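Colleague: Could you take me through the surroundings of the ligand in this model, and then through the strands of the same protein? Please give the cut-offs as you go.

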Amino acid sequence: MSTRWPLAPPRRRCCSRRARRSPAASRRASPPLPSARRGPAARSARPPPGCSAISRATSAVWCSPWTEDSVPDALADAVGTLRLPARIHVGYGVRQQIPALLAEHGRRVLAVVDPFLATSPDFVALLASLEATGLEVTTHTGVLPELPVGSLTASAEAVADTDPEVVLAYGGGSAIDAAKLIATLLAHGGPLSRFYGENAVPGPIRPIVAVPTTAGTGSEVTPVAVVSDPDREMKIGISSPFLVPVAAVVDPELTLGAPPSVTAHSGIDALVHALESYTAAAVPLDWTGQLPLFTGRNVLAAPLALEAIRHIAPFLARAVRDGSDREARAQVALGSLLAGMAFGPTGTHLSHALQYPIGAITKTPHGLGTGLMIPYVLQAAVAVVPSRLAEIDRVLGGTEPDDSVAAQDAVDRIADLCREVGIPSSLAEIGVEETQLEHIAELALNSKRLVGISPVGADPGVLLSILRAAHSGHRSLLDSSVHRGR
Ligand SMILES: NC(=O)c1ccc[n+]([C@@H]2O[C@H](COP(=O)([O-])OP(=O)(O)OC[C@H]3O[C@@H](n4cnc5c(N)ncnc54)[C@H](O)[C@@H]3O)[C@@H](O)[C@H]2O)c1
Ligand SMILES: [Zn+2]
């Protein structure tokens, strides 16, 4: 994926300068490895002074670019960025706002709708209310799974004559992403490939009112859309602030019909968005120039991410077990929205970078892959961002006062939740061969905007360690000495 953001920007300099660390942080730093467990690789890759993040992974030792205690002054805790729709409504009944929100932008409406939902009673009722408001609606249902780029071009050509003033995106992440890209093509012409990567969309697109029916990708508030291109091995992102919808309407009523597997996969993905947003590395930003899409950890996103976890984790298994549980549906829908608001500006990191090639190889859903990888990614981060993970543990109900113990507890709780909602716990279970791991690691490193905000320094050795642990299903392979269990 092309990007203007160099891989792991000046962060590696942390290894050549003394990190700022509090006395408390020094006490928390990992103890030295017992010499018997240090292999040749470990000796040759001894971390430089000032780098406190040491992995005891079987095949790699790495140092985090920045630890929690070594964030440069310019990234002090009071710096933040949000990019959001001008209107966001959430809760049962808020879908009644849709006609008025659309009418603010014009009379000619293009409704891009998930084909399965186009005949659902909720959508039929919505269409009737739009027509009653005097809106002229063209309904387009040509949303194909995985969003092949050719199908989007064909969709834009098919609807161009209607010259819509506003686009209604109605469905899961696929329908909302399709609407974003059709709206981009209508505004700027094709081919879509010229917008691949970051900040390549030259200006505003047709305004979008986004209505998710899954909880969820957060696409209703994010600057991202993901497509598949037959010329590329993996799905590819188009990311631009111009892709943020003008309004998001999150009505949990619309998620009540989602089947258990869709609920589980999209719900875990929402949780992963929040977890990766909250554990993202802080990155240096040049405020005089164009900002990267994903700006890393920031003070405005952090509380949103924690709130998202608080709303999703206790309710997701209930929503999967009983899709008609209105309270669970409402909590997960709210959490998914908050997670989207958080990760839109910060970005996500390694579970997502690794899911793209894993999804391409195994043809498994996005959320299944990110949910499978998250316990392993966070396990690798336990020694790097202990206080962040400890905070997550407390949100999940933990009471352990020691950050390093609580951090491990958080990872264990998240792994338990993934298992409870049916996420496979190893790459072997979904058909990945051990011989494919190196290639997956190489491909994941191409997602520079994602690996660039990883809290653990992401190089092929690190990714391979995480992948080997995930392949075997044993997090203990990553770092047995800090794995205490619960
Ligand atoms: N733009 C972003 O920020 C972002 C973030 C994460 C993922 N994504 C993308 O989103 C896509 C996944 O989206 P998703 O998980 O929402 O699934 P989806 O939109 O692909 O839908 C999955 C299935 O669920 C069905 N469905 C959706 N809502 C339903 C409902 N209420 N009742 C019954 N069936 C329903 C759909 O018809 C479809 O068959 C992937 O392409 C992924 O790459 C985008
Ligand atoms: Zn995701």
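Modeller: The shell around ligand 1 takes at least three residues from domain 1 (94-250) and at least three from domain 2 (260-482), the domain bounds coming from an automatic or database domain assignment. This is a predicted model, in which local features need pLDDT of at least 70 and side-chain atom pairs count only at pLDDT 80 or more, while totals for chains, interfaces and linings use all residues. Residues are numbered from 1 along each chain as its sequence is written, and chains are lettered from A and ligands numbered from 1 in the order in which they are written.

Altogether 29 residues surround ligand 1, the closest being Phe-116, Gly-172, Gly-173, Ser-174 and Ser-219; a residue is near a molecule or strand if its C-beta atom, placed from the backbone, lies within 6 Å of it. By character, the shell holds 17 polar, 9 nonpolar and 3 charged residues, where Ala, Val, Leu, Ile, Met, Phe, Trp, Tyr, Cys and Pro count as nonpolar, Asp, Glu, Lys and Arg as charged, and the others, Gly among them, as polar. At least two residues of this shell come from each of α6, β7, α7 (260-279) and α12 (366-381); helices (H or I, at least four residues) and strands (E, at least two) are DSSP runs, numbered from the N terminus.

Strand β7 also belongs to an open sheet of 3 strands in the order β5-β8-β7, with mixed pairing, two strands being paired if DSSP finds at least two bridges between them. Its edge strands, each pairing on one side only, are β5 (197-198) and β7 (224-227). Helix α6 (residues 173-188) packs on this sheet, touching β7 and β8, and its direction makes about 100 degrees with that of β7. Here contact needs C-beta atoms, placed from the backbone, within 7 Å, and axes are lines fitted to C-alpha atoms, for helices over the stretch in contact, with angles from 0 to 180 degrees between N-to-C directions. Between β5 and β8 (residues 236-239) the pairing is parallel, over 2 bridges, and Glu-198 has Ser-239 of β8 as its bridge partner.

Elsewhere, β9 (residues 247-250) runs parallel to β1 (residues 87-90), joined by 4 bridges, and it pairs in the parallel sense with β6 (residues 208-212) over 2 bridges. Both faces of β9 are covered, with Ala-247 and Val-249 buried on one side and Ala-248 and Val-250 buried on the other; buried means that 20 or more other C-beta atoms, placed from the backbone, lie within 10 Å of the residue's own.

Key:
Contact = placed C-beta atoms within 7 Å. Buried ≥ 20, exposed ≤ 12 C-beta atoms within 10 Å, placed from the backbone.
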